[in-house]
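Got your viewer open and a selection box ready? Let's take a walk through this one, stop by stop.

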Amino acid sequence: MDAQHLKHKNFDFATGELLLVDKPVGWTSFDVVGKLRNSFKPLKLKVGHAGTLDPLATGLLIICTGKMTKQIDTFQAEEKEYTGTMILGATTPSYDMETEPDTQFDISHITEGQIKAACVQFTGDIQQYPPAHSAIKINGERLYEKARRGEDVELRLRNVTISEFEITRIELPEIDFRVVCSKGTYIRSLVHDFGKALNNGAYLSKLRRTRSGNYKVSDAWEVMALVDIIREQKIRAIDTESVKS
């Protein structure tokens, strides 16, 4: 979103604002929340996000402030759209590039027709196991903490809905795709299962959330641009109060 346009918008963060952020690669969702929360200091405002993105993923992160945080569950439950890239011919323990490949497969016999046909079985209501390297809590501990220690983790099937699963580019070993899905869908698990459906292996190399409900990443702004605007408006508000006093 145009930062110049935002400078002229009067935010009411305390009462509640919904902010659309384009999360950069390498940041956790909590990193974004923490950065924005710090920019509000000395004001102590509630800040939360509606739907976690993995650190290696980018794209739309809905941030709520003030009283708007009461609606986080509503925003989080909305349909999501992603674009991404998978690597065919290998698997990793984390189902993405956080860990190194642990199994290799021959892909010389895999055809474009087989790849596109495999999408069909992953459209509609399906079940999937979450990755062992995920933020799901069991007995108060994140699964990825157990996985990183090499402990066995208990994975439970989850019911999710894939409304659309489209292959947009095939240049093996890379395959680009677009997915529209329900809350709680793990795209890493979808990619892993996709590889198994081809009697092969696959892991996620890129992921970008492009939409959540009616909100689009094209309407989002960069984290630091938003931080600068928050600080400018805070300084402006402090100066106004000083004049009044």
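**Stop one: a strand with two partners**

Select strand S4 (residues 80-88) together with strand S11 (residues 174-181): the two run antiparallel and are joined by 8 bridges. Keep in mind as you go that this is a predicted model. To see how the pair lines up, pick Ile87, which stands opposite Glu174 in S11.

Now add strand S12 (residues 202-212), which also pairs with S4 in the antiparallel sense, over 9 bridges. Here the pair to click is Thr83 and Arg208, as Thr83 stands opposite Arg208 in S12.

Why is S4 largely enclosed by the rest of the structure? Count the covered positions: 8 of the 9 residues of S4 are buried, so the strand is largely enclosed.

**Stop two: a loop threonine**

Next, select Thr99, which you'll find in the loop between strand S5 (90-91) and strand S6 (103-104). Is Thr99 buried or exposed? Its relative accessible area is 18%. The cut-off for buried is under 20%, so Thr99 counts as buried. Show side chains and bring up Ser94 as well: the side chains of Thr99 and Ser94 make a polar contact at 2.7 Å.

**Stop three: the cysteines**

Select Cys64 and then Cys181. Cys64 is buried, with a relative accessible area of 0%, and Cys181 is buried too, at 2%. If you're wondering about crosslinks, a disulfide is a covalent bond between the sulfur atoms of two cysteines. How many disulfides does a search of the whole structure find? The search turns up 0.

**Stop four: Ala118 and what it touches**

Move on to helix H4 (residues 112-118) and select Ala118 in it. With 5% relative accessibility, Ala118 counts as buried. Leaving aside residues up to four places away in sequence, Ala118 touches Phe194 and Leu198. For a distance to try in the viewer, go from the C-alpha atom of Ala118 to that of Phe165: they are 47 residues apart along the chain and separated by 10.0 Å.

**Stop five: helix H6**

Finally, select helix H6 (residues 187-197), which is mostly covered, with 9 of its 11 residues buried. Phe194, the residue you just met touching Ala118, is one of the buried residues in H6. Others to click through include Ile187, Arg188, Leu190 and His192. Just after H6, stop at Asn199 and check its backbone: Asn199 takes a positive phi of about 55 degrees.

Terms used:
Residues numbered from 1 in each chain as written. Predicted model: local features only at pLDDT ≥ 70, side-chain atom pairs only at ≥ 80, totals over all residues. Heavy atoms only, no water. Buried < 20%, exposed > 50% of the residue type's maximum accessible area, 1.4 Å probe, protein only. Helix = DSSP H or I, 4+ residues; strand = E, 2+ residues; numbered from the N terminus. Pairing = 2+ DSSP bridges. Polar contact = N/O pair within 3.5 Å; in protein donor to acceptor, adjacent residues only side chain to side chain. Disulfide = S-S within 2.5 Å. Contact = heavy atoms within 4.5 Å.
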